[in-house]
Amino acid sequence: MFKHLIKQFYLSAACISLFIAGCHSDRIAPKITPEDTVRPLRFPGEESIPESRYHIAGFSVENRPIEYFDIGDGEDVTLILAAIHGNEQAGMLIARRIIQYLQEHPGILKNRKVVILPGANPDGIAGNTRCNARGVDLNRNFFTENRVNNDLFGTEAFSEPETRAIEQILREYVPDRIISIHEPLACVDYDGPGGEELAAHIADYCGLPLRKLGARPGSLGSYAEESLNIPIVTLELPEDAGELDSERLWFFYGSSIIASVIYPDGSGYYFFQKEKIETDGPEKKGYGK
Ligand SMILES: [Zn+2]
């Protein structure tokens with residue numbers, strides 16, 4: 001009887017191990033995606049995946065976290081922010097995608113740091129509205145010489161928690177350049193010293209025309225120019241950008257984002273892995289004009 005019980009025990013144990021082994025092999029079965037066929041560019045000795053650090057800069061009017069990331073430890077800092085107007089959400093997808101790209105291509109981060117704020121206006125994003133939950137246009141709420149105080153632009157500069165959060169990020173990281181992604185004017189606008197050269201460089205990569213839209217009261221662009229003395233590019237995506245998925249947006253605009261990070265280096269296409277993109281390709285050139 002005792003022997004019989006031992007036999008039963010071993011049989012059960014064998015069955016359980018087989019079952020576990022089966023589950024385990026299912027779980028580790030490799031999944032090949034098209035991305036895997038593209039070999040990341042890495043410099044020797046930089047094989048490890050750089051950590052993307054998650055932060056919360058503050059909370060919106062409706063108490064949503066204002067989330068951002070930084071990656072890399074270098075001196076040269078690029079800040080990329082999107083969706084300060086909550087109904088302009090295509091840039092959000094691009095901003096999120098760049099984190100993944102930088103992790104796959106750590107060579108870009110040599111001597112550089114990239115700070116990414118994908119959703120600068122969380123309440124506006126949730127409600128698909130331009131303004132924040134109090135009806136304030138955040139891109140008119142900064143401190144500038146031409147500032148106007150009213151309900152739409154805020155009763156005073158930095159009256160909104162979202163603009164204060166952006167200001168805090170600017171103070172902490174002191175970026176060398178800012179890229180702010182908007183819609184739907186289909187152009188590359190600029191402010192600040194050296195902004196025109198940076199914008200022209202970015203325009204070369206994305207095929208959108210360089211255009212000076214003019215200083216808007218209380219805008220981040222004017223604030224960066226007057227108070228921070230750094231270049232800022234407003235990348236205005238075309239109207240139909242909102243209909244494109246993340247991969248398509250990255251295809252059209254990824255190289256211009258990479259080019260802005262490695263600026264003034266002109267090898268954005270070298271780092272950008274979609275070798276199939278041709279600078280003068282008919283599809284790319286015609287898009288967004
Ligand atoms: Zn906008």
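Okay, before I start, one definition: when I say that two residues touch, or are in contact, I mean that their C-beta atoms, placed from the backbone, lie within 7 Å. Keep that in mind, and let's try it on I202. Which residues does I202 touch, leaving out residues up to four places away in sequence? They are V188, V233, L235, S256, A259 and S260.

I should also say right away that this is a predicted model.

So, the overview. The protein chain has 9 helices and 7 strands. Of its 289 residues, 42% count as buried. And if you take the contacts between residues at least 6 apart in sequence, 72% of them join residues at least 24 apart.

Now the sheet. In what order do the 7 strands of the open sheet come? The order is β1-β2-β4-β3-β5-β7-β6, and the pairing is mixed. At the edges you find β1, residues 52-59, and β6; each has a single partner strand, so one side of each is left without a neighbour in the sheet. Neighbouring strands are turned by 15 degrees against each other on average, ignoring direction.

Let's go to strand β3, residues 76-82. Here 5 of the 7 residues are buried, so β3 is largely enclosed by the rest of the structure. On one hand, β3 pairs with strand β4, residues 112-117, in the parallel sense, over 6 bridges. If you want to find that on screen, look for T78, which stands opposite V114 in β4, and then L79, which stands opposite V115. On the other hand, β3 also runs parallel to strand β5, residues 177-182, and 5 bridges join them. There, A82 has I181 of β5 as its bridge partner.

How do you get from β3 to β4? Helix α2, residues 90-104, belongs to this part: β3, α2 and β4 make a right-handed β-α-β unit. Helix α2 lies across β1, β2, β3, β4, β5 and β7, and runs at about 145 degrees to β3. Another helix, α5, residues 195-206, packs on the sheet as well, touching β5, β6 and β7, and its direction makes about 150 degrees with that of β6.

Stay with the loop between β3 and α2 for a second, since that's where A83 is found. Is A83 buried or exposed? Well, the cut-off for buried is 20 or more other C-beta atoms within 10 Å. A83 has 26 of them within that distance, so A83 is buried. Among the residues A83 touches are E88, Q89, M92, P118, G119 and I125. Take P118: P118 and A83 are 35 residues apart along the chain, yet their C-alpha atoms are separated by 6.9 Å.

You can run the same kind of check on F69, in strand β2, residues 65-71. F69 has 20 C-beta neighbours inside 10 Å, so F69 counts as buried. Leaving out residues up to four places away in sequence, F69 touches S52, R53, Y54, I99 and I116. F69 and E51 are 18 residues apart in sequence, and their C-alpha atoms are 9.8 Å apart in space.

Over to the β6 end. Strand β6, residues 185-191, is mostly covered, with 5 of its 7 residues buried. Its pairing with strand β7, residues 232-238, is antiparallel, over 6 bridges. One pair to look for is D189 with its bridge partner T234 in β7.

Last topic: the core. As a general point, nonpolar side chains in soluble globular proteins tend to be buried together. In this model, the largest nonpolar core has 65 residues, and those with the most contacts inside it are I80, I94, I116, V188, I202 and V233. So our opening residue, I202, is on that list. Which helix gives the most to this core? That's helix α7, residues 246-262, with 8 residues.

Helix α7 is worth a look for another reason too: α7 bends by about 55 degrees at Y253. And 12 of the 17 residues of α7 are buried, so the helix is largely enclosed by the rest of the structure. Among the buried ones are W250, F252, Y253, I257 and I258. S256, A259 and S260 are buried as well, and those three are also on the list of residues that I202 touches.

That's my tour, thanks.

Key:
Residues are numbered from 1 along each chain as its sequence is written. This is a predicted model: local features need pLDDT of at least 70, side-chain atom pairs count only at pLDDT 80 or more; totals for chains, interfaces and linings use all residues. Helices (H or I, at least four residues) and strands (E, at least two) are DSSP runs, numbered from the N terminus. Two strands pair if DSSP finds at least two bridges between them. A crossover is right-handed if, with the strands pointing away from the viewer, the path from the first strand over the helix to the second runs clockwise. A nonpolar core is a set of buried Ala, Val, Leu, Ile, Met, Phe, Trp, Tyr and Cys residues joined through C-beta atoms within 7 Å. Axes are lines fitted to C-alpha atoms, for helices over the stretch in contact, and angles run from 0 to 180 degrees between N-to-C directions. The bend at a residue is the angle between axes fitted to the seven residues ending there and the seven starting there.
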